[in-house]
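Student: I am new to this structure and would like a close look at one part of it, the largest pocket. Please describe its lining and what it holds, and then go on to any enclosed space.

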Amino acid sequence: MVATQIPTEKVQQSRVDGVDWNNLPFGKIFSDHMFVSDYKDGAWSNDRIVPFGHFTIHPASMVLHYGQAIFEGMKASKLNDGTPVLLSPEAHAKRINASAARMMMPAYPEDRFVEAVSQLVRLDADWIPPAEGSALYLRPYMYATDEFIGVRPSETYTFCVFTAPVGPYYAKPVNLVVEQNYVRAVPGGTGEAKAAGNYAGSLRPAHEAQQRGFDQVLWMGGPDMQQVQEVGTMNVFFVIDGEVITPATDGAILKGITRKNFITILRDQGYTVTERVIEIDEVVAAYDAGTLTEMFGAGTAAVVSHVAALQYGEKKMVFPEVAERKVGPMLKKYIDGLRAGTVEDKFGWLVKL
Ligand SMILES: *Cc1c(COP(=O)(O)O)cnc(C)c1O
C-alpha cells in the first residue's frame, strides 16, 4: 500500500515539555494528538489526526446503553538509536477486528490501522519516554454512536487511537486468589473479544479479592470450575519441571499477543511449551511435589507479572523469589530489550517508523 498522509490538524503548542519523565503515572497523561475515524453508511470515512480533546456524546448514544465497545492496548518505544518502533502492530489490527466481529461492529481495515498508529506515533514521537522498559502506550478503541435505544447493532461508530506515555513498569509480584464465585468468561461468551464490558464484569471480583488482601484473581472455567483461565487481565504461564505450560485458548481466553510471542521465544530457546487444559489440582500437586517453580501473567502493560503466592481455598502456595526464577525474568528482559533495540528482532516483530 502506498501510504497517504492522513489529514492532520496539529496543536498550536505541544504540551510535551511539561511532562515529568521520572514520575509518569499510568494512563493519566495523554499526548498532543489522536487519530479519529467515523463509520457511517457502511464505510469508514473522515480519517484524521487532530489535537487530543473531548468528544461530545448524545445521551442516547448506543454505547452508553448496550456496551458495543472494544479496545486494544499496544506500545511504541524507541530503539537506542532513537528510531520509534511498534511491536506486532498487525497482530493488534487483526485482533481488534476479531473483537469487532464478535460484537457486531464493523472491521477497520488492517492496513489503515497500521498506517494510522504509525502516523500518530511519528507525529508524537517526542512523547515516547526514553528509559528502557517505558513506552508510549497506544489505546485504539471503537464504540457505537447511533442515537437510538432500540436493541440492534449500531449503524455508526467512532474509531479512535490516543496515546499515553508510561514509565517502566516495575510490577511487584502479585498475590492471587483462585476465584470460586465469579467467572470472567465461558466458551461462546465474549471473553475472547477485548470488549469493554468484560472489564466492567471483572471489577467486583477484583474488588472483593482486594478486600481479602489479594491483588488479583485467578480466573477459572470448565464444567467444574477446575480449569485455569487467566490472571486478572493477563494470560497465565506455569513452569513445572522445566516445562512451560499455558492454558489452551478455548473460546473463553483472550488470545494475548504477549502470550503468543512468549511461546515463540521459548520454543526458539529450546523450551518445551505446552498449550493445554491445566486444572487447579495439578497446580497444587506440582506445588506439593516441589516441581512448580514459576507462575506469571503475560500482557502488554506489565509484560510479565510474577505471581508471589496463590491462595486456593485454605491452601496457600508461595513461589520462589523472583531472583531465583529463570523463565519470567528472561521473557521480560527479552521484550524490553527488543523494544530498545538491544535484542535482535529475529522474528520480524518490530515495525520501524
Ligand atoms: C489484553 C488482554 C490480555 C493480554 O493481551 P496482550 O495482547 O498480551 O496485551 C490478556 N487477557 C485479557 C483478558 C486481556 O484483555
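Tutor: A good place to begin is helix H4 (196-211), which gives the most to the lining of the largest pocket, with 4 residues. Please keep in mind throughout that this is a predicted model. H4 has company around the pocket, as strand S6 (135-144), strand S8 (174-178), strand S10 (227-231), S11, H5 and strand S14 (292-299) each supply at least two residues of the lining as well. The lining consists of 36 residues, and those that lie nearest the centre of the pocket are Tyr 199, Thr 233, Met 234, Gly 299 and Ala 301. Sorted by class, the lining has 16 nonpolar, 13 polar and 7 charged residues, and the pocket that they surround has a volume of about 780 Å³.

This pocket is also the space taken by the ligand. Two elements give two or more residues to the shell around the ligand, namely strand S11 (234-240) and helix H5 (257-268), and both of these also supply at least two residues of the pocket lining. The shell holds 14 residues, of which Lys 194, Tyr 199, Glu 230, Thr 258 and Thr 300 come nearest to the ligand. By class, this shell has 4 nonpolar, 6 polar and 4 charged residues.

Individual atoms can now be added to this picture. Glu 230, one of the residues that come nearest, has an N or O atom in its side chain 2.5 Å from a nitrogen atom of the ligand. In the case of Arg 95, a polar side-chain atom lies 2.7 Å from an oxygen atom of the ligand. Thr 233, already named among the residues nearest the pocket centre, approaches through its backbone, with an N or O atom 3.3 Å from a nitrogen atom of the ligand. Taken on its own, the ligand has 380 Å² of accessible area, and the protein covers 96% of that.

As for enclosed space, the count comes to 1 cavity of 30 Å³ or more, and the largest cavity has a volume of about 90 Å³. Its lining is made up of Leu 87, Ser 88, His 92, Ile 257, Thr 258, Asn 261, Gly 299, Thr 300, Val 303, Ile 335 and Arg 339. H5 and helix H7 (327-340) are the elements that give two or more residues to this lining, and H5 gives the most, with 3 residues. By class, the residues of the cavity lining divide into 4 nonpolar, 6 polar and 1 charged. Some names link the two spaces: Gly 299 lines the cavity and is among the residues nearest the centre of the pocket, while Thr 258 and Thr 300 line the cavity and are among those that come nearest to the ligand.

Conventions
Residues are numbered from 1 along each chain as its sequence is written. This is a predicted model: local features need pLDDT of at least 70, side-chain atom pairs count only at pLDDT 80 or more; totals for chains, interfaces and linings use all residues. Side-chain values use heavy atoms; hydrogens and water are left out. A residue is near a molecule or strand if one of its heavy atoms lies within 4 Å of it. A polar contact is a pair of N or O atoms within 3.5 Å; within protein, one must be able to donate a hydrogen and the other to accept it, and residues adjacent in sequence count only if both atoms are side-chain atoms. Accessible areas come from the Shrake-Rupley method with a 1.4 Å probe; for residues, only the protein chains shown count as cover. On a 1 Å grid over the protein atoms alone, a cavity is a set of points where a 1.4 Å probe fits but cannot get out, and a pocket is an open set with protein on both sides within 12 Å along at least five of seven lines; lining residues have an atom within 4 Å of a point. A molecule sits in a cavity or pocket if more than half of its atoms lie within 2 Å of its grid points. Ala, Val, Leu, Ile, Met, Phe, Trp, Tyr, Cys and Pro count as nonpolar, Asp, Glu, Lys and Arg as charged, and the others, Gly among them, as polar. Grid points are joined across faces, edges and corners, and a volume is the space filled by probe spheres set on the points.
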